[in-house]
Amino acid sequence: MKALFWPVCCAGLLSLCSCGPRVARVESVDIVPRPVTVEASDGAFDLTRSTKICLLSDDTMLLRSADFFNGLLQPSLGRALKVETGACADSDAIRVELGDLAPEAYEISIRPEGVRIVGGSPAGVYYAFQTIRQLLPEPVLRGEKAGVVELPVVEIADQPYFAYRGGMLDVGRHFFSVDDVKEFIDILAMHKINRFHWHLTQDQGWRIEIKKYPELTRVGAFRDRCDLDPAAPNDSVPYGGFYTQDEAREIVRYAADRFITVIPEIEFPGHAVAALASYPWLSCTGEQYEVRQTWDIDDRVFCIGRDSTFRFIEGVLEEVVALFPSTYIHIGGDECPTDRWEQCPRCRERMRAEGLTRPRQLQGYATTRIERFLSSHGRRLIGWDEILDSGVSRTAVVMSWRGTEGGIRAARQGNEVVMAPTTHCYFDYYQTADTAGEPLAWGGCLPLEKVYALSPCEGLDSVQRASVLGVQANLWTEYIPDFAQAQYMLLPRLGALAEVGWSPGRKDYAEFLPRLKRLTRFYDACGYVYAKHSLAD
Ligand code: TNX
């Protein structure tokens, strides 16, 4: 009895220490977006709770990546890996350092004796950990207990093709909570996307607190009902919401911790009914409007004849630039009818005074004036491709949505461009031609394969190509009342667009699909809702 007791007891203690079974490594290295080079070999590194993360370079942002990785492992290992800074003698370690690579580039070397990560910047290191996340075995993703987590032996060298990889969320048509927005940012981060374009104002709702103009959120953030949205349970009753400035700061910080810049959009001069409903003196007629309850284009836009309009927008942007450190500030510019300007004596007087011959030129006048204001604050203006139609300076950035034509035109004349054409980047469109059983959507049909086929620089020579900053997925939310549906529309198409932005030159849809399928295991682990039309075997 005694002879048996000690070995049994020790075995029990040992299994308590390792706290779970050995979890076998993944069968193949499947990463989305596809890395530049992957060389896998046999063997594994055994990651356990005694493995250390050693940060060899002195940069506090590296701690973000260590925290992120620990957040993934802790449920399985039962504790966080120890993080050490400075020298690291231990071989049982993940050694992290900054090296002479492009800013977002990274290298990963996983060998049986240890892991080494080199990043061109802390962002590169973060992307390395996002890649290693995709090497974690499924039970670990699910948070099942593990004593030893095998990581496959592999050498990866990687860097993105485009500097701008964006995802846009429209919170004007439907409002999404701070937690939803954070989850949207997490989803972007998983796909190595580095810009969150936050579409904050619309005809149907003004969503950002502006201290100087409190009516914008007291009045403009709420609409009485919404006629066109049977899918949305909230829309037969008053509906709305907004983010306080503290919440906006919280989102900016949350995104920055994931190496994502938040680009705010304040729509001007169109899609402005919520603003005009808050302050009637912003419109051509001064009438009292209601916050809009239906979708589509509205001809009630900011009056360009009144100087008070410019005082207003500058007052708004002053607070916006204080909240958002992004170099780029989006001022909208899309779908702005000129009918009201044509009827407006003040707008006609502005045209006369400025020597303008067409009402459309009033938009160019306004855009240039706002760009000057933003420049004086050290920021760059970005706008939808309509800003090209009324004369735009070379320094404005053009977001091409009406196909890639606007982007091509802009790149040819030397403007920087982000490609986000409806044909490939509009995730509010159906994902299948057979829409029976699909949640109501804006229309159109944008299957996964089509997203993957986007070739952002087609039609441009090598000099013009340098003007294409990157690509962006747009999620307009007229028919997306909640975040589960937002995920469904976003995923897995975002996987395809992420690869267009990160590794556009080496695309092969048949080779992409199995990797994407593996990525959906992560979606499952995170509880994300996603469309499965293109994923069946
Ligand atoms: C056009 S894209 C819009 C949005 C709509 C979207 C619907 C753009 C700059 N404007 O206001 O939500 O179409 O797909």
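Visitor: Is Phe 259 buried or exposed in this structure?

Guide: The model is predicted, and the reading that follows applies to that model. Burial is judged by relative accessible area, with buried meaning under 20%. Phe 259 has a relative accessible area of 15%, so this residue is buried. Its place is in the loop between helix 7 (245-256) and strand 15.

Visitor: What is the sign of phi at Phe 259?

Guide: Phi is positive there, about 60 degrees, although Phe 259 is not a glycine. Lys 192 likewise has a positive phi of about 60 degrees and is not a glycine. Lys 192 lies in the loop between helix 5 and strand 10 (195-199). With a relative accessible area of 0%, Lys 192 is buried.

Visitor: Which residues are joined by cis peptide bonds, and what are the omega values?

Guide: The angle to read is omega. A cis peptide bond joins Val 32 and Pro 33, with omega at about -5 degrees. Another cis peptide bond joins Phe 268 and Pro 269, where omega is about 0 degrees. Pro 33 is found in the loop between strand 1 (22-23) and strand 2 (37-47), while Pro 269 belongs to the loop between strand 15 (261-265) and helix 8 (273-278).

Visitor: How should one read the surroundings of the ligand, and which residues are around the ligand?

Guide: One may begin with the list of residues, then turn to their classes and to individual atom pairs. The residues around the ligand are Arg 173, His 271, Asp 334, Glu 335, Trp 384, Trp 401, Tyr 426, Asp 428, Tyr 429, Trp 442, Trp 476 and Glu 478. By class, this shell holds six nonpolar, one polar and five charged residues. The ligand sits in the second largest pocket.

Visitor: Which distances separate polar side-chain atoms of Arg 173, Asp 428 and Glu 478 from oxygen atoms of the ligand?

Guide: For Arg 173, a polar side-chain atom lies 2.9 Å from a ligand oxygen atom. The corresponding distance is 2.7 Å for Asp 428 and 2.6 Å for Glu 478. As for coverage, the ligand on its own has 360 Å² of accessible area, and the protein covers 97% of that area.

Visitor: Where is Arg 173 placed, and what joins its side chain to that of Glu 478?

Guide: Arg 173 is in the loop between strand 9 (164-170) and helix 5 (178-190). A polar contact of 3.2 Å joins the side chains of Arg 173 and Glu 478. Arg 173 has a relative accessible area of 4% and is therefore buried.

Visitor: How many residues of helix 18 are buried?

Guide: A helix can be read residue by residue with the burial criterion. In helix 18 (residues 493-502), 10 of its 10 residues are buried. Among them are Arg 493, Glu 499 and Trp 502.

Visitor: What separation in space do Glu 138 and Phe 522 have?

Guide: Here one sets the distance between C-alpha atoms beside the spacing along the chain. Glu 138 and Phe 522 are 384 residues apart along the chain, and their C-alpha atoms are separated by 8.1 Å. Leu 81 and Gln 487 are 406 residues apart along the chain, with a C-alpha separation of 31 Å.

Visitor: Where do Glu 138 and Leu 81 lie, and what is the relative accessible area of each?

Guide: Glu 138 is in helix 4 (residues 138-141) and is partly exposed, because its relative accessible area is 31%. Leu 81 lies in the loop between helix 2 (62-77) and strand 4 (82-85). Its relative accessible area is 3%, so Leu 81 is buried.

Notes: Residues numbered from 1 in each chain as written. Predicted model: local features only at pLDDT ≥ 70, side-chain atom pairs only at ≥ 80, totals over all residues. Heavy atoms only, no water. Near = heavy atom within 4 Å. Polar contact = N/O pair within 3.5 Å; in protein donor to acceptor, adjacent residues only side chain to side chain. Areas by Shrake-Rupley, 256 points an atom, 1.4 Å probe, with all protein chains shown as cover. 1 Å grid on protein atoms, 1.4 Å probe; cavity = no way out; pocket = protein on both sides within 12 Å on 5 of 7 lines; lining within 4 Å. Sits in = over half its atoms within 2 Å of the grid points. Nonpolar A, V, L, I, M, F, W, Y, C, P; charged D, E, K, R; others polar. Helix = DSSP H or I, 4+ residues; strand = E, 2+ residues; numbered from the N terminus. Buried < 20%, exposed > 50% of the residue type's maximum accessible area, 1.4 Å probe, protein only.
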